[in-house]
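Trainee: Could you go through this structure with me and explain how each label is earned?

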Amino acid sequence: MSESEKGYLAGLPTDVQLGMYAFTERPEILFIAESGGDVGPLPSTLGESRSVSRLAWSGEQDLPAADCILLSETLGTGDIIELVRSLEASGEAPPVIAFVGDDGDTAERLLDAGVTEVIHSSVATVAPAVIDRRIEAALALSEHTPIHRTVEDEPTPLLQEVTENINDVVWLTRLDDGAEIQYVNSAYEDVWGRSPKHLYEDRMSLLDTVHPDDRERIRDALHEQVDDPDDYDEIYRVVRPDGEQRWVHSRSVGVREDGELVRIVGIVTDITEQKTRQQQLAAERDLVERILETSTAGIVVIDTDETIVRANEQAATILQTCKEEIQGSTYSPEDVRIRKIDGDRLSKSESPFNRIKRTAEPLEDEQLIVAHPDGEETIISVDGVPMFDGDSLERVVLTVEDVTDRVTREQRLEDQRDELADLDHINRIIRGVQEALLSTETRDEILQAVCENLTTADRYRDAIALQSAGDGRVEATAWTDSGTLVDTLFSRTDAVAPVGPTEQALTTSETQVCHRCDEDLLLAGERSSRGLKSNRQR
């Protein structure tokens, strides 16, 4: 490989080198994972060509020297940003590659914080060759790379062969006579949908292809790139001739000779698919947020450690608190003063969340009473579903609805139905009495027919007709065949002085009702006082 080829390849800042980029010594790679978690392994084949050490990060230990640092997806975003800042503060600036899975928002934050590369996968799922190429690219972008770059006037056929067989756009700018584009590979036409000819004529004509909303920012960045190419790192939109928009990530690195900046090597990656995925995720989050905040039901999301991670405004309204006090707090039904619908205290183990957590089964229309500090009470209906991550319970989602008015209406309807049933029962008795009267001739027969109809309706066990015998005494003139209560309380021939409900009925001329009477207790009392009693008797 010629010195010219080595110089150009050394300047390429990402996967351009296709494994042809070489070091005089093996670079030291440091792989960092969350403290207490699984620190490895990296793909086994990576270690064959790399010197790899591993570290469990606690945020306190000193980092060993390394040419490139790989960060596991087990690290939190805050830990990664803290780690990168500590590297900058120490004066060390090795390239940092972070694995982040599918979290697009996290990727942007990490890039802004100084992370060199972001890989949207977990360590275990990325092919070793891909990690190798990302390490090569990151080292090429970093001033930390101990590589001496050289350059000749024109790219050689070998270099062109390399750059023409990659998907990223590669360009070279020479600075010896102004800033002129020296070379652009054919991938430009695939991404931009146009020939690169206009770039050879005027480097700044690139701005004509940039989305209007991004144009001024990119104009400023291109001017600054000539003085500090290593700091150039931009994401912007490209408008193709057919109107289609593409998102691109553009970076560059300076190529120096004897300490003098002579060329700029740049690479542009089409990140449209990644951006589209991020926008879709953002749109889905916005939709979920709108659903939460416009729902007529209160929604509460609880982690398995009983932390409330989300609550909408309706939930706060129903519980008569504010959303900020609910979110982040620990789920505790005892603190909210919740009782069962029958008024009994609701224990923590019986709470909807703990029942779902224990059974992993949904819960429907669990009605509870919430007592508020002002003394008011609200009847709520709780539905809940478990949310799983694979086979593991991840969260519980509860929906809470204020059903106070509904329950009140239902109770009112139930009372009305009971009243109607009582009226229907009375009407049936009256109809039965009327039919019986048609076949009677004497007053005693009429009274006997009334007693018998009262007891055949299954509402009364015994019926007795009494009449005044003078001197404030009464005597039984008609009764039902059971006769037990009559024999106990009244003589069938002798008049007795009335007491209790019988006396009140005669005195006030109003119906007297005794509900749920204890028969043994009443009979014991009436045997001595000769009063009237029954379980339910008029």
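What follows is a short back-and-forth that sets values against definitions.

Mentor: Ground rules to start with: this is a predicted model, where local features need pLDDT of at least 70, side-chain atom pairs count only at pLDDT 80 or more, and totals for chains, interfaces and linings use all residues. Residues are numbered from 1 along each chain as its sequence is written, and side-chain values use heavy atoms, with hydrogens and water left out.

Trainee: What makes strand 9 "largely enclosed" by the rest of the structure?

Mentor: Buried means under 20% relative accessible area, exposed means over 50%, and partly exposed is in between (1.4 Å probe, protein chains only). Strands (E, at least two residues) and helices (H or I, at least four) are DSSP runs, numbered from the N terminus. In strand 9, residues 245–257, 10 of the 13 residues are buried, so the rest of the structure largely encloses it.

Trainee: How do you know which strands pair with strand 9?

Mentor: Two strands pair if DSSP finds at least two bridges between them. Strand 8 and strand 9 run antiparallel and are joined by seven bridges, while strand 9 and strand 10 pair in the antiparallel sense over 10 bridges. Arg251 of strand 9 stands opposite Asp233, and Arg251 also has Ile267 in strand 10 as a bridge partner.

Trainee: What is found in the turns of those hairpins?

Mentor: Five residues lie between strand 8 and strand 9, and Gly243 in that turn has a positive phi of about 90°. Two residues lie between strand 9 and strand 10, where Asp258 takes a positive phi near 55°.

Trainee: Why is there talk of a nonpolar core with 22 residues?

Mentor: A nonpolar core is a set of buried Ala, Val, Leu, Ile, Met, Phe, Trp, Tyr and Cys residues joined through side-chain atoms within 4.5 Å. The largest such set has 22 residues, and those with the most contacts inside it include Val169, Tyr188, Trp192 and Tyr236. At least two core residues come from each of several elements, among them strand 6 (169–174), helix 9 (212–225) and strand 8 (233–239). Helix 7 supplies the largest share, four residues. Another core, of 21 residues, lies apart from it, with Leu71, Ala107, Val115 and Val118 among its members. In soluble globular proteins, nonpolar side chains tend to be buried together.

Trainee: Which residues does Trp192 touch, leaving aside its neighbours within four places in sequence?

Mentor: Contact means heavy atoms within 4.5 Å. On that basis the partners of Trp192 include Val169, Leu206, Arg240, Pro241 and Val268.

Trainee: What makes the five-strand sheet "open" and "parallel", and where are its edges?

Mentor: The strands go in the order 2-1-3-4-5 with parallel pairing, and the sheet is open. Strand 2 (51–57) and strand 5 are the edge strands, since each pairs on one side only. Strand 4 pairs with strand 3 (residues 68–71) over three parallel bridges, and three bridges also join strand 4 to strand 5 (residues 117–119), again parallel. Ile69 stands opposite Val96 in strand 4, and Ala98 has Val118 in strand 5 as its bridge partner.

Trainee: How do you know both faces of strand 4 are covered?

Mentor: Val96 and Ala98 on one side are buried, and so are Ile97 and Phe99 on the other.

Trainee: Why is the β-α-β unit of strand 3, helix 3 and strand 4 called right-handed?

Mentor: A crossover is right-handed if, with the strands pointing away from the viewer, the path from the first strand over the helix to the second runs clockwise. The unit made by strand 3, helix 3 (residues 77–90) and strand 4 has that handedness.

Trainee: How do you know the span of helix 10 agrees with its length?

Mentor: The expected span of a helix is 1.5 Å times one less than its number of residues. For the 23 residues of helix 10 (residues 272–294) that gives 33 Å, and the end C-alpha atoms are 32 Å apart, which agrees.

Trainee: Why is Glu306 put in one burial class and Ala360 in another?

Mentor: Glu306 has 14% relative accessibility, so it counts as buried. Ala360 has 32%, so it counts as partly exposed. Phi is positive at both, near 75° for Glu306 and near 60° for Ala360. Most residues other than glycine have a negative phi.
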